[in-house]
Amino acid sequence: SKREIKMRKLDSTKVRPLKTEQLLHIEEHDFALRPGFGGSPIPVGIDVQVESIDSISEVDMDFTMTLYLRHYWKDERLSFRSNKNKSMTFDGRLIKKIWVPDVFFVHSKRSFIHDTTVENIMLRVYPDGNVLFSLRITVSAMCFMDFSRFPLDTQNCSLELESYAYNEDDLMLYWKHGNKSLSTDEHISLSQFFIEEFSASSGLAFYSSTGWYNRLFINFALRRHIFFFVLQSYFPAMLMVMLSWVSFWIDRRAVPARVSLGITTVLTMSTIMTGVSASMPQVSYIKAVDVYLWISFLFVFLSVIEYAAVNYLTTAEERKQLKKRGKASGMYSMDAVQAMAFDGCFHDTDVDMDLSPFPEPCEENETRTSQTNISNTDTPRLKRKRSLKGNVGRIILQNNHVIDTYSRIIFPSVYIVFNFFYWGLYI
């Protein structure tokens with residue numbers, strides 16, 4: 001209608017001016033000064049929408065976050081006439097010509113404003129002089145982490161906002177909508193962390209040279225997912241400890257088998273510990289994962305020491321028995337197990353063996369033994385007692401040392417008790 005057309009002509013926001021300055025009268029004011037200079041501090045409201053948390057780095061102790069940062073304040077120098085109270089929206093080209101709050105991120109390492117395809121900056125001016133200034137920023141900031149409970153830890157980080165030049169006498173920062181000023185995207189997720197909460201708070205910061213400043217905090221709590229570390233660290237460590245117990249069921253005279261098993265488990269535990277330490281900062285205190293891995297390493301190491309004690313006591317016991325059974329001719333009668341311990345060959349019958357200072361190979365010893373038995377009528381003939389399968393079972397049962405018997409019970413029991421207290425303490 002004609003009336004609507006007339007109203008549109010009277011509304012200056014619907015008329016395209018030749019220059020932006022003609023409508024806002026920018027050239028008539030000094031925007032180097034804050035609004036209301038010399039009077040009460042100007043209130044600047046803040047609200048934040050967190051778009052994503054891009055990464056959390058334990059080694060660098062920082063986090064990277066992408067967010068929309070919005071400022072609200074009133075500058076009467078930017079007021080203009082509008083019959084319908086319509087606002088005007090501008091891009092980043094006008095920012096350099098007017099006054100804007102100098103908010104920065106405390107403890108930030110690096111940050112940038114997104115500029116694809118143009119700078120992600122929006123300025124909206126209302127007829128009464130109220131201003132909305134919005135930025136899309138990615139910032140990396142420090143997070144003071146405590147790894148004493150790693151990887152069963154919860155980290156509390158915060159992003160802090162503050163004016164750089166204006167203290168509380170000139171500028172008052174506050175959350176625009178209270179606790180509702182901080183919003184997050186529903187799809188925010190991290191690979192190693194579960195985001196427990198986001199909260200907004202405020203406070204004051206004091207600098208001896210410049211005074212007190214208003215400071216806003218974006219607080220968030222991150223709880224670490226433990227399943228990854230269970231698969232990569234805890235479960236392999238458990239398997240290595242249990243594998244070291246296998247040596248308690250191996251014949252005490254099988255020296256190569258038990259020693260190689262012990263050395264293998266020790267080296268594997270060292271590799272697991274090195275891998276965990278390589279991905280962590282070099283802190284000066286003990287972490288929870290260090291406690292578990294070092295205790296597991298101790299169990300594996302004690303398994304090796306256990307066999308060293310068994311081997312030493314077995315050797316000492318055999319020497320005493322050989323001295324008691326010694327003959328005037330220098331020949332000693334030994335069963336098959338004792339013979340295997342000295343010449344490295346398996347004998348399934350009782351043999352008479354010459355313990356000369358330089359023992360000969362197995363085949364020569366057996367040949368010489370057979371010839372001696374044939375020529376010597378006083379020596380009884382060798383008799384087969386059992387089959388090879390029966391002898392192996394007899395060897396394991398008859399030569400089980402008492403230390404191995406107790407170790408089969410003590411080691412698993414103590415390790416189970418340790419796991420019970422460990423997981424009860426840290427979870």
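**Exercise 1. Find where Pro 151 sits and describe the peptide bond that joins Phe 150 and Pro 151.**

Step 1. Locate the residue. Pro 151 is in the loop between β7 (130–142) and β8 (154–163). Strands here are DSSP runs of E with at least two residues, and helices are runs of H or I with at least four residues; both are numbered from the N terminus.

Step 2. Read the bond. Phe 150 and Pro 151 are joined by a cis peptide bond, with omega about 0 degrees.

Step 3. Note the basis. This is a predicted model, in which local features need pLDDT of at least 70, side-chain atom pairs count only at pLDDT 80 or more, and totals for chains, interfaces and linings use all residues. Residues are numbered from 1 along each chain as its sequence is written, and side-chain values use heavy atoms, with hydrogens and water left out.

**Exercise 2. Work out which loop holds Thr 117 and the geometry of the bond from Thr 116.**

Step 1. Thr 117 belongs to the loop between β5 (108–113) and β6 (121–125).

Step 2. The bond from Thr 116 to Thr 117 is cis; omega is near 0 degrees.

Step 3. Set this against the general rule. Most peptide bonds are trans.

**Exercise 3. Describe phi, location and exposure for Met 61 and His 107.**

Step 1. Take Met 61. Its phi is near 55 degrees, a positive value in a residue other than glycine. Met 61 lies in the loop between β1 (42–57) and β2 (62–74).

Step 2. Met 61 has a relative accessible area of 26%, so the residue is partly exposed. The cut-offs: buried is under 20%, exposed is over 50%, partly exposed is in between (1.4 Å probe, protein chains only).

Step 3. Take His 107. Its phi is near 60 degrees, again positive in a residue other than glycine. The loop between β4 (103–106) and β5 holds His 107.

Step 4. His 107 is partly exposed, because its relative accessible area is 36%.

**Exercise 4. Identify the nonpolar surface patch around Tyr 406.**

Step 1. Tyr 406 is in helix α9 (residues 402–426). Its relative accessible area is 53%, so Tyr 406 counts as exposed.

Step 2. List the members. Val 402, Tyr 406, Ile 409, Ile 410 and Val 414 form the patch, with about 490 Å² of accessible area together.

**Exercise 5. Summarise the fold in counts.**

Step 1. The protein has nine helices and 14 strands.

Step 2. Of its 427 residues, 41% count as buried.

Definitions and conventions:
Patches are made of residues with over 30% relative accessible area and no salt bridge: like charges are joined within 9 Å, nonpolar side chains (Val, Leu, Ile, Met, Phe, Trp, Tyr) within 5 Å. Accessible areas come from the Shrake-Rupley method with a 1.4 Å probe; for residues, only the protein chains shown count as cover. A salt bridge is a side-chain nitrogen of Lys or Arg within 4 Å of a carboxyl oxygen of Asp or Glu.
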